[in-house]
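Me: Hi! I'm new to this one and would love a quick tour. Could you look at it with me?

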Amino acid sequence: MIRVLLADDQALVRAGFRALLDAQPDIDVAGEAADGEEALRRVAELRPDVVLMDIRMPLLDGLAATRRITGDASLDGVKVVMLTTFELDEYVFEAIRAGASGFLVKDTEPDELLRAVRAVVDGDALLSPGVTRRLIAEFAARSKAPADDERLAGLTEREREVMALVGIGLSNEEIARRLVVSPLTAKTHVSRTMVKLGARDRAQLVVLAYESGLVRPGWLG
């Protein structure tokens with residue numbers, strides 16, 4: 001059973017998400033929070049698998065709350081998906097750097113929301129359809145010239161190649177086609193790379209790909 005915490009200051013939004021999620025046989029809404037401070041308390045108390053976190057909330061915004069959650073080693077198993085009103089919310093870039101596993105717009109289709117919850121539990125990054133490459137382009141534009149990163153020294157050449165492909169926004173299926181391997185093999189390479197680098201999930205792997213210099217601006221295509 002996947003346990004979810006809903007953190008949003010709008011009761012109607014929480015109610016809508018709860019109705020959808022609780023109707024699923026494999027998902028349980030463990031609790032709700034109306035502000036960032038309450039979200040932190042509930043996360044510590046309930047230890048949910050996934051937090052659906054609104055970016056803009058009173059007392060403590062979702063971005064600050066996410067940093068606190070992802071920075072706490074005891075909460076390593078908690079994944080955060082940011083909820084935004086607009087796909088290119090000004091805080092989305094920082095949310096990914098803060099450790100969020102991805103983000104969704106609030107008016108996303110029900111099936112996409114359900115896929116999101118299940119995907120992040122499996123360690124996949126989740127971004128609203130159509131915005132992955134735009135987000136990565138934004139990350140590339142903001143990235144500074146990287147120094148040599150010793151963290152990549154332990155990766156095989158194939159793992160570096162896979163990491164670079166993740167960095168330009170390819171899915172496991174697209175990576176598999178590019179490398180002429182099975183999707184399962186591609187997923188295994190991605191998972192091993194994340195373990196070696198200590199990445200929480202695929203979203204953080206994208207960040208590391210740019211920060212390490214493995215992928216650079218202009219590589220998008």
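Me: Leaving aside neighbours within four places in sequence, which residues is Leu 197 in contact with?

Reply: Happy to help, and keep in mind that this is a predicted model. Leu 197 is in contact with Arg 151, Leu 152, Leu 155, Met 163, Leu 205 and Leu 208, once those sequence neighbours are set aside.

Me: Which residues touch the most other members of the largest nonpolar core?

Reply: Leu 197 is one of them, along with Met 163, Val 166, Ile 175, Val 190 and Leu 205. That core has 24 residues. Helices α7 (157–167), α8 (172–179), α9 (183–197) and α10 (202–211) each supply at least two residues of the core. There is also a second, separate core of 23 residues, and its members include Leu 40, Leu 46, Met 53 and Ile 55.

Me: Why would residues like that gather together?

Reply: As a general tendency, nonpolar side chains in soluble globular proteins are buried together.

Me: Let's look at α8. Which of its residues are buried?

Reply: Asn 172, Ile 175, Ala 176 and Leu 179 are the buried ones in α8. They sit on the same side of α8, because they cover an arc of only 100° around the axis.

Me: How does the spacing of residues along a helix go with that?

Reply: An α-helix has 3.6 residues a turn, so residues three or four places apart point the same way.

Me: What do the buried residues of α8 pack against?

Reply: They pack against α7, α9 and α10. On the face of α8 turned away from this buried side you'll find Arg 177 and Arg 178, which are exposed.

Me: And what happens just after α8?

Reply: Val 180 comes there, with a positive phi of about 60°, although Val 180 is not a glycine. This residue lies in the loop between α8 and α9.

Me: Is Val 180 buried or exposed?

Reply: Exposed, because its relative accessible area is 73%, and the cut-off for exposed is over 50%.

Me: Which other residue has a positive phi although it is not a glycine?

Reply: Arg 47 has one, of about 50°. Look for Arg 47 in the loop between α2 (36–46) and β3. Arg 47 counts as partly exposed, at 42% relative accessibility.

Me: Back to the helices for a moment. Is Glu 159 buried or exposed?

Reply: Glu 159 counts as buried, because its relative accessibility is 5% and buried means under 20%. Its place is in helix α7.

Me: What is Glu 159 in contact with, apart from neighbours within four places in sequence?

Reply: Its contacts are Gly 154, His 189, Arg 192, Thr 193 and Lys 196.

Me: New topic: strands. How many residues of β4 are buried?

Reply: Strand β4 spans residues 79–84, and 6 of its 6 residues are buried. Lys 79, Val 81 and Leu 83 point one way from β4, while Val 80, Met 82 and Thr 84 point the other way.

Me: Which strands does β4 pair with, and is that parallel or antiparallel?

Reply: Strand β3 (residues 50–54) pairs with β4 in the parallel sense over 5 bridges. Strand β5 (residues 102–105) also runs parallel to β4, and 4 bridges join those two. Leu 83 is a nice residue to find here: it is the bridge partner of Asp 54, and Leu 83 also stands opposite Leu 104 in β5.

Me: What do β3, helix α3 and β4 make?

Reply: They make a right-handed β-α-β unit, with α3 covering residues 62–70.

Me: What does Val 121 touch, not counting residues up to four places away in sequence?

Reply: Val 121 touches Ile 2, Asp 49 and Val 50. You'll find Val 121 in helix α5 (residues 110–121), and it is partly exposed, with a relative accessible area of 35%. Val 121 and Gly 77 are 44 residues apart in sequence, but their C-alpha atoms are 8.8 Å apart in space.

Me: Can we zoom out? How many helices and strands does the chain have?

Reply: The chain has 10 helices and 6 strands. It contains 221 residues, and 50% of them count as buried. Among contacts between residues at least 6 apart in sequence, 66% join residues at least 24 apart.

Me: How much surface does the chain expose?

Reply: About 10400 Å², with carbon and sulfur atoms supplying 52% of it.

Definitions and conventions
Residues numbered from 1 in each chain as written. Predicted model: local features only at pLDDT ≥ 70, side-chain atom pairs only at ≥ 80, totals over all residues. Heavy atoms only, no water. Buried < 20%, exposed > 50% of the residue type's maximum accessible area, 1.4 Å probe, protein only. Contact = heavy atoms within 4.5 Å. Areas by Shrake-Rupley, 256 points an atom, 1.4 Å probe, with all protein chains shown as cover. Pairing = 2+ DSSP bridges. Right-handed = clockwise from strand over helix to strand, strands pointing away. Core = buried A, V, L, I, M, F, W, Y, C linked by side-chain atoms within 4.5 Å. Arc of directions from axis to C-beta.
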